[in-house]
Amino acid sequence: MPEARVRDIAGFRVSRSVWLLLALLAVLAACSRQTPDPGITPIKVANPVELQKYLLTHKPELDVFRLRGPFRVTTLQDVAIKITPQESVNADLYLCAVAQNVPLVILLHGHGNSKDDHIFQALHVATWGMHAMTVQLPNHGPWIANGRTLARLVSAIHESPEIVDGHIDATKIILAGHSFGATAVSAALGEGAPALAGILLDPAGIGRQLPSLLKKVHAPVMLIGADDEVWPTRNREYFFRFIPTGIAEISIRDAVHEDAQYPTEHPLQPPQEGPIATEESQVTFVSALTAAAFSLSATGNLDYAWASFGDVFRNGRFFNARKK
């Protein structure tokens, strides 16, 4: 019998064939991956107005947003949102089940990913009194062009919110993008999309036009980054450097790039060495995303979210905090 290559896993030595079998089983499990069930908040309110009053009159705490919010969500998949007579965008809708106009958070995937990778985030946000939409754009770019498509989508919804739903507050559209999707979100804001704000999920910068577009961004922006000491992303520093004002940035200790979404599938390869995505960091990301979206939609600025990060700044879970 030929000598098999072996590898240590948690103190055990396994052959290459067993290693590949373990990898295959991990992939099969990942392909049917279920989103976390973090539990439901004990906060009891009748509508988003009551929720807003409750949260704004209590101490801001990030941990409040780890749980799902108090509202039910209706999901619609693969909806064609017509933004011009000749152009539609494929989207999934996560509609907060309330009979009043509420903000809309639009989430865009990054390179090689899809709208399915933001199911967990969209569903979570919607339980907190906001509608959410995940959109599918070409996932290999070009990302500045994706940003222009996103800007047309926002303009169409701003003008006629009923193309999505009859209960959207068209003055409160928030754009969120992961990785190169954050480049598209920033490009849309720089192109003058009528969005209230942007949230960048471990952004990666690409495109020669990006710095000039970032200089034109005047909406408030929250940058929620992975731990760039263990997983730096391409040109992440561009966003804070070139957006002139109204941007706040934090990093999540030990989080990696994939933690800024919730991927439903993983590549067919053995488990990687070094830092890996964890459900704990992904729940932390969605908590920060939800706190930022609530803060922006309820107050128009990031002060509430920034105050909610206080405890995690002090315990070191968030670091590299800065704003301008």
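Here are a few exercises on this predicted model, each with a worked solution.

Residues are numbered from 1 along each chain as its sequence is written. Since this is a prediction, local features need pLDDT of at least 70, side-chain atom pairs count only at pLDDT 80 or more, and totals for chains, interfaces and linings use all residues, while side-chain values use heavy atoms, with hydrogens and water left out.

**Exercise 1. Get an overview of the protein chain, and find where the model deserves caution.**

Step 1: Start with the secondary structure. The protein chain has ten helices and eleven strands; helices (H or I, at least four residues) and strands (E, at least two) are DSSP runs, numbered from the N terminus.

Step 2: Look at burial. Of the 324 residues in the protein chain, 51% are buried. Buried means under 20% relative accessible area, exposed means over 50%, and partly exposed is in between (1.4 Å probe, protein chains only).

Step 3: Check the confidence. pLDDT is the predictor's confidence in each residue, from 0 to 100. The protein chain averages 88, and 86% of the residues score at least 70. Over residues 1–32, though, the pLDDT is below 50, and this stretch has 33 contacts in the model beyond near neighbours in sequence. Contact here means heavy atoms within 4.5 Å. Residues 266–271 also stay under 50, with 13 contacts beyond four places in sequence. Where pLDDT is low, the predicted coordinates should not be read in detail.

**Exercise 2. Locate H109 and work out what surrounds it.**

Step 1: Find the spot. H109 is in the loop between β5 (102–108) and α3 (119–126).

Step 2: Is H109 buried or exposed? Its relative accessible area is 0%, so H109 is buried.

Step 3: List the polar contacts, meaning pairs of N or O atoms within 3.5 Å; within protein, one must be able to donate a hydrogen and the other to accept it, and residues adjacent in sequence count only if both atoms are side-chain atoms. The side chain of H109 makes one with the side chain of Q136, at 3.4 Å. The H109 side chain also reaches the backbone oxygen of N113 at 3.4 Å.

Step 4: Follow one neighbour. Beyond four places in sequence, H109 touches residues including W143, G181 and H178. H178 sits in strand β7 (residues 168–178) and counts as buried because its relative accessibility is 1%. Among the contacts of H178 are L108, G110, H118 and H257, again leaving aside neighbours within four places.

**Exercise 3. Trace the pairings of strand β6.**

Step 1: Check how covered the strand is. In β6 (residues 131–136), five of the six residues are buried.

Step 2: Find the partners; two strands pair if DSSP finds at least two bridges between them. Strand β4 (residues 87–96) runs antiparallel to β6, with five bridges joining them. D92 has T134 as its bridge partner in β6.

Step 3: Now the other pairing. β5 and β6 pair in the parallel sense over five bridges, and L108 stands opposite V135 in β6.

**Exercise 4. Find the nonpolar cores.**

Step 1: Know what to look for: a nonpolar core is a set of buried Ala, Val, Leu, Ile, Met, Phe, Trp, Tyr and Cys residues joined through side-chain atoms within 4.5 Å.

Step 2: Pick out the largest one. It has 48 residues, and those with the most contacts inside it are I199, M222, I224 and F309. Helix α8 (residues 279–299) gives the most to this core, with nine residues.

Step 3: Zoom in on I199. Beyond four places in sequence, I199 touches residues including M222, I224, L289 and L296.

Step 4: Look for another. A second, separate core of 44 residues includes V154, L189, A195 and L200.

**Exercise 5. Spot the unusual backbone geometry.**

Step 1: Recall the usual case. Most residues other than glycine have a negative phi, and most peptide bonds are trans.

Step 2: Which two residues does a cis peptide bond join? They are G141 and P142, with omega about 0 degrees. P142 lies in the loop between β6 and α4 (143–159).

Step 3: Turn to phi. D254 is not a glycine, yet its phi is positive, about 70 degrees. D254 is in the loop between β10 and α8, and its relative accessible area of 52% is why it counts as exposed. N320, also not a glycine, has a positive phi of about 55 degrees. N320 belongs to strand β11 (residues 318–323) and is partly exposed, because its relative accessibility is 39%.
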